[in-house]
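Me: Please look closely at one helix, and then place it beside the main sheet-related features. I would like the cut-offs stated as you go.

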Amino acid sequence: MRAERVDHPIDHDQAVDTLRRSYAAVPTGEPVRLAKRTSNLFRPRSAPRTPGLDVSALNGVLSVDPTGRTADVQGMCTYEDLVDATLPHGLMPLVVPQLRTITLGGAVTGLGIESTSFRNGLPHESVRELDILTGSGEIVTARPDGEHADLFTAFPNSLGSLGYATRLRIELQPVGRYMALRNVRFTRLEALTDAIAKVTATRSWAGEPVDAMDGVMFSPGEAYLVFATFTDAAGPPSDYTGQEIYYRSLRRSTRDVLTAYDYLWRWDTDWFWCSAAFGAQHPVVRRLWPARYRRSDFYHRLVRLEHRHQVAARIDRLRGQPARERVVQDVEIPLDETADFLRWFASTVGMNPVWLCPLRLREPAGPGSARSWPLYPLRPGQDYVNIGFWGSVPIAPGAADGDVNRTIERRVSEAGGHKSLYSDAYYDRDAFDRLYGGDTWRAVKDRYDPDHRLTGLYEKAVARA
């Protein structure tokens, strides 16, 4: 069966030519940035002095092959648009990150994760091939094997320092019309991690299949895992896009049903629980808050305005309250270290709730070992839990801004874990190179960006260039 074109024809070649021309127009020595309306990064960056790369026409789905279960997708296509193209075929990407405006290219070069990651790994593991604009201005097609296998392997977690994806061919998986959910409470963290290990090994819980798994810890004595199953037959689905708030449902319901679409975006409506910071969870405010603005990209826009104008910080100073440190992180902790890390985090940092998302690198389809990814070197065969915490904490007297994040970085390394780089990072260069494949990155950088026109990985992630 031939791959089906999606929506309206896209002149992909012209879009790539536009990108290459805009890249060539950036003066040598000036930083190269994407010209994007939205971003899911949380680290501040220096202001650009030149126009960004024109990626405005690289935001669509080129084709979907329902028989081969693949899709060809442009790099700046959001997962919201990608899901809209695949769900009518009863298909979805193997991993759909939790926020609508995350782009496929961004999830691959910057890492993404969600509740299917315990069996499907990370988004880049379902990429079969991708076209990349390199620092030399050329477009190369990178695959797991062949001439550009080194770039294919180093691209995940390179954050645009090795190039930008213009087209990706990804695998898809079948999905039911609904997701049947079981919300299971745990009062002991060791029981929770034992359950994660069991479900990861058997893909079932209490005799029922598990297709997706994540959870929330409200405190070390109150945590939940949500076991989700694809189904075409279910009762009336819940709706958490209106007055009801999804994460609160875990405490009051043991069974739930969502449409497949609403399940994929269950966290986006309230940006997990972070919408509370804007008053959007107050019943009166929520009724007045337009539904079209109950989504993560709008909340992120409010955060960027606060970073720019510091209104809340000024009010805190007038009230005599201490300055606050932003603590916005996702960390991968080995499963056998997760309970201890969560207790440490609760007692030392004290933020709650936190998100729990089990992860295991994808197993190979045939004989052979799982592929490793040197710029984010999780161990094949190892179970991890992604722990997400997003907010701020008061800066203690005598402490400096960043001290809490530095403490977390040390504790993550002690636990044998890794930290995603979409937010603030404080590593020195030697530690950063050791943790994020510095030798591999430099070898690939020298081959594909010999003049180092693209900003380096350390400079992006730590120096905020």
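Reply: **Helix α10 and the sheet**

In helix α10, the residues S296, D297, F298, Y299, H300 and V303 are buried, where buried means under 20% relative accessible area, exposed over 50% and partly exposed in between, with a 1.4 Å probe and protein chains only. The model is predicted, so local features need pLDDT of at least 70 and side-chain atom pairs count only at pLDDT 80 or more, while totals for chains, interfaces and linings use all residues. Residues are numbered from 1 along each chain as its sequence is written, and side-chain values use heavy atoms, leaving out hydrogens and water.

Helices (H or I, at least four residues) and strands (E, at least two) are DSSP runs, numbered from the N terminus. The 14 residues of α10 (296–309) should span 20 Å at 1.5 Å a residue, and the end C-alpha atoms are 20 Å apart, which agrees; the expected span is 1.5 Å times one less than the number of residues. Just after α10, Q310 takes a positive phi of about 55°.

As for the sheet, eight strands form an open arrangement in the order β15-β10-β14-β13-β17-β18-β16-β19, with antiparallel pairing, two strands being paired if DSSP finds at least two bridges between them. The edge strands, β15 (255–259) and β19 (418–419), each pair on one side only. Helix α13 (403–414) packs on this sheet, touching β16 (324–334), β18 (384–394) and β19, with contact meaning heavy atoms within 4.5 Å. Within the sheet, β13 (212–219) and β14 (222–231) pair in the antiparallel sense over seven bridges, and the bridge partner of M217 in β14 is A223.

Key
Axes are lines fitted to C-alpha atoms, for helices over the stretch in contact, and angles run from 0 to 180 degrees between N-to-C directions.
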